[in-house]
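Subject: Structure for your review

Dear colleague,

Please find below the sequence and structure that I am handing over to you. My findings follow, set out by topic.

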Amino acid sequence: MARLADYFLVVTYDLDKRVEGEGQGRILQRFPEKDWEDSPFPQGIELFCQPSGWQLVPERQPASFFVAVLTDINSDRNYCACFTFWEGLDRLQLQKAEASEVDEVDEEPAVVQSAQVFAPKSLVLVSRLDYTEVFRNCLGLIYTVHVDSLSVPLETVVGNLLTCIIPIAGGSQINESPVCSLEKVPQVLACDWLLACLQRTITLGAGDRQVIQTPIDDSLPVSGTSVAQLFRQLGIINVLCLFCAALTEHKILFLSSSYQRLTDACRGLLSIMFPLKYSFTYVPILPGKLLEVLSTPTPFIIGVNSFFRSETQELVSCCYCNTTDVTILLCVCVKQRAVIVQRF
């Protein structure tokens, strides 16, 4: 048995730490406030909430969701699900922040008075389990309760989330089903019954039902649809090239404008390597401020936003995989020779 979520936190834009228009994130709230003995709180999580940097924007952006993976000193992975939405800032807040940055009191703040800006705020869930869709539903529910001011207290929803205990594996987990034998199930419903036996239903107390499908054995990777998406986006030949590159300890760098696609691609690649276990650096989403990690001489599987592509061109002996909505480019460098495969 394990906790579904170890920590829940709210990370917001820090107006007091702006440097030349670029801000930083700060943890506004964290639950629980004390660390679990078996799962220390991951440090530097603010960087992973906004991997491209904490920026103010003139227009409200759509909400986004992705899962970052942090590895601690014991090589244990923490899955950090991040749901980001945008809140408007009034001019008084900006004027106070800009006034603290200028040296002269009489100098006018460098703020466009007629424009409203929006700052990101992230709801983050930290877990040792990898259940992307469950995390998406849970954080989306918390966001809905907050925005729509539902009658359910947020404290109740967050408390139920942090106290939810689920089995790590074991297959059949549903106890409320009145049917205990496949012989009693109509033939047309047999597939649905078998699927239900591998699922567990939980609730956060807001009229919701979250379905968790646990693997039969905890050694099996939780891949979801990531493997199918990897083959669909890259094709069989390109995936086999990546597979061989991973087995021969090459550096593999994924580039994409979608953070969730980066995580899915890296997870899909690890899944097809089962039962082999990848023991080198594994960072599906690398923040822009940590790009120096790419200079490491050891093999890695890393994902970087395509916005930073120009800063990664100097890497040698590295496998590039650029997944975009239109073009898929795979560049494999083996023994100083590059093989480029481009698909439209």
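A residue is called buried when its relative accessible area is under 20%, exposed when it is over 50%, and partly exposed in between. By that rule, 46% of the 344 residues of the protein count as buried. Please keep in mind that this is a predicted model.

Overall architecture

The secondary structure of the protein consists of 8 helices and 15 strands. Among the contacts with a separation of 6 or more, 66% are between residues that stand 24 or more positions apart. The accessible surface amounts to about 18700 Å², and carbon and sulfur atoms make up 55% of it.

Helix α8

Helix α8 covers residues 259–272, which is 14 residues. From its first C-alpha to its last it reaches 21 Å, close to the 20 Å expected at 1.5 Å a residue. Is this helix mostly covered or mostly exposed? It is mostly covered, as 12 of its 14 residues are buried. Among them are Y259, L262, A265, L269 and L270, and also the charged residues D264 and R267. At the N-terminal end, S258 acts as a cap: one of its side-chain oxygens lies 3.3 Å from the backbone nitrogen of R261.

Cysteines

How many disulfides does the structure hold? The number is 0. C164 illustrates the point: a disulfide requires two cysteine sulfur atoms within 2.5 Å, yet the closest cysteine sulfur to that of C164 belongs to C138 and is 7.8 Å away, too far for a bond. C164 counts as buried, with a relative accessibility of 11%. C266, one of the buried residues of α8, has a relative accessibility of 0%.

Salt bridges

The structure holds 10 salt bridges. One of them joins D6 and R128, whose closest N and O atoms are 3.3 Å apart. This pair links distant parts of the chain: D6 is in the loop between β1 (2–3) and β2 (7–19), whereas R128 is in the loop between β6 (117–127) and α3 (132–147), 122 residues apart. The two partners are not equally covered, for D6 is buried at 0% relative accessibility, while R128 is partly exposed at 31%.

R128 also forms a salt bridge with D38, and here the closest N and O atoms are 3.5 Å apart. D38 lies in the loop between β3 (22–31) and α1 (45–49), so this pair ties together parts that are 90 residues apart in sequence. With a relative accessibility of 46%, D38 counts as partly exposed. Which residues make up the network of salt bridges that includes R128? The network links R3, D6, D38 and R128.

A further salt bridge, between E133 and R136, has its closest N and O atoms 3.4 Å apart. Why are these partners separated by about one helical turn? The reason is that E133 and R136 are 3 residues apart in helix α3. Both are partly exposed: E133 has a relative accessibility of 47%, and R136 has a relative accessible area of 30%.

In going through the structure yourself, you may wish to begin with helix α8, where 12 of the 14 residues are buried, and then turn to the network of R3, D6, D38 and R128.

With kind regards

How values were computed. Residues numbered from 1 in each chain as written. Predicted model: local features only at pLDDT ≥ 70, side-chain atom pairs only at ≥ 80, totals over all residues. Heavy atoms only, no water. Helix = DSSP H or I, 4+ residues; strand = E, 2+ residues; numbered from the N terminus. Expected span 1.5 Å × (residues − 1). Buried < 20%, exposed > 50% of the residue type's maximum accessible area, 1.4 Å probe, protein only. Polar contact = N/O pair within 3.5 Å; in protein donor to acceptor, adjacent residues only side chain to side chain. Contact = heavy atoms within 4.5 Å. Areas by Shrake-Rupley, 256 points an atom, 1.4 Å probe, with all protein chains shown as cover. Salt bridge = Lys/Arg side-chain N within 4 Å of Asp/Glu carboxyl O.
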